[in-house]
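User: Hi! I'm new to protein structures and would like to learn how to read a sheet. Could you walk me through it?

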Amino acid sequence: DAIRRAVPHKIEFFDCQPVTAIATAGCDSMALCEGGQVYTWGSSWHNKVSVGGSGGGTNRSKETDWQQPTEVESLRDKKVTEISTSGTHNIALTATGQVFCWGCGDWGQLGQGNLDDSAEPVAVEFFDNPTNSKTPKVVSVGAGTEYSMALCEDGGLYCWGKQGISRPP
């Protein structure tokens with residue numbers, strides 16, 4: 001509900017599924033549940049609040065705020081272990097090291113080799129090549145305002161999206 005609360009209150013939606021991680025930025029929120037399900041709610045600017053099953057989702061209008069947590073169904077069977085959100089996009093990491101990004105892609109922060117937005121999570125193909133033994137396994141991810149980062153098990157740090165003063169070259 002869109003009321004002011006001066007004291008914490010429990011989000012009862014998650015009473016029957018334990019939450020293991022949260023991520024927030026601006027007016028957007030994410031929750032990762034014990035079974036690996038990802039839920040989003042809040043402002044839908046830049047298509048960040050994603051719903052829908054395999055093969056597509058519901059592209060919510062920019063003027064809509066979604067106050068109830070909604071599962072990102074296309075990640076349901078991916079065993080997500082980490083989530084991050086920014087003012088422009090979301091990122092999720094799976095147990096196998098797959099990285100998924102969605103939202104605004106204006107600076108390439110979705111890792112797709114283009115500047116397109118995506119309402120649904122898309123795999124960052126650079127890290128999704130099981131036949132190439134040189135592909136590093138990602139162990140942690142982070143979403144900056146207009147960039148993304150991944151830490152790999154070999155200690156390698158990767159960045160994509162807008163490069164600037166506060167971001168690595």
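User: In what order do the strands of the open sheet of four strands stand?

Analyst: Happy to help! Keep in mind that this is a predicted model. In general, the strands of a sheet pair through backbone hydrogen bonds, either parallel or antiparallel. Here the order is β5-β6-β7-β8, and the pairing is antiparallel.

User: Which strands stand at the edges of this sheet?

Analyst: Those are β5 (80-85) and β8 (118-123). Each has a single partner strand, so one side of each is left without a neighbour in the sheet. As for the twist, neighbouring strands here are turned by 15° against each other on average, direction ignored.

User: How many bridges join β6 to β7?

Analyst: There are five between β6 (residues 89-94) and β7 (residues 99-103), and the two run antiparallel. To see the pairing residue by residue, find His-89: the residue opposite, in β7, is Gly-103.

User: Now the open sheet of three strands: what is its order?

Analyst: You can read it in the same way. The order is β9-β10-β11, with antiparallel pairing. The edges belong to β9 (138-143) and β11 (157-161); each has a single partner strand, so one side of each lacks a neighbour in the sheet. From one strand to the next, the twist averages 20°.

User: Which residue in β10 is the bridge partner of Ser-140?

Analyst: Look for Leu-151 in β10, which is the partner of Ser-140. Altogether, five bridges join β9 to β10 (residues 147-152), and these strands run antiparallel.

Note on methods: Residues numbered from 1 in each chain as written. Predicted model: local features only at pLDDT ≥ 70, side-chain atom pairs only at ≥ 80, totals over all residues. Heavy atoms only, no water. Pairing = 2+ DSSP bridges. Axes fitted to C-alpha atoms, helices over the stretch in contact; angles between N-to-C directions.
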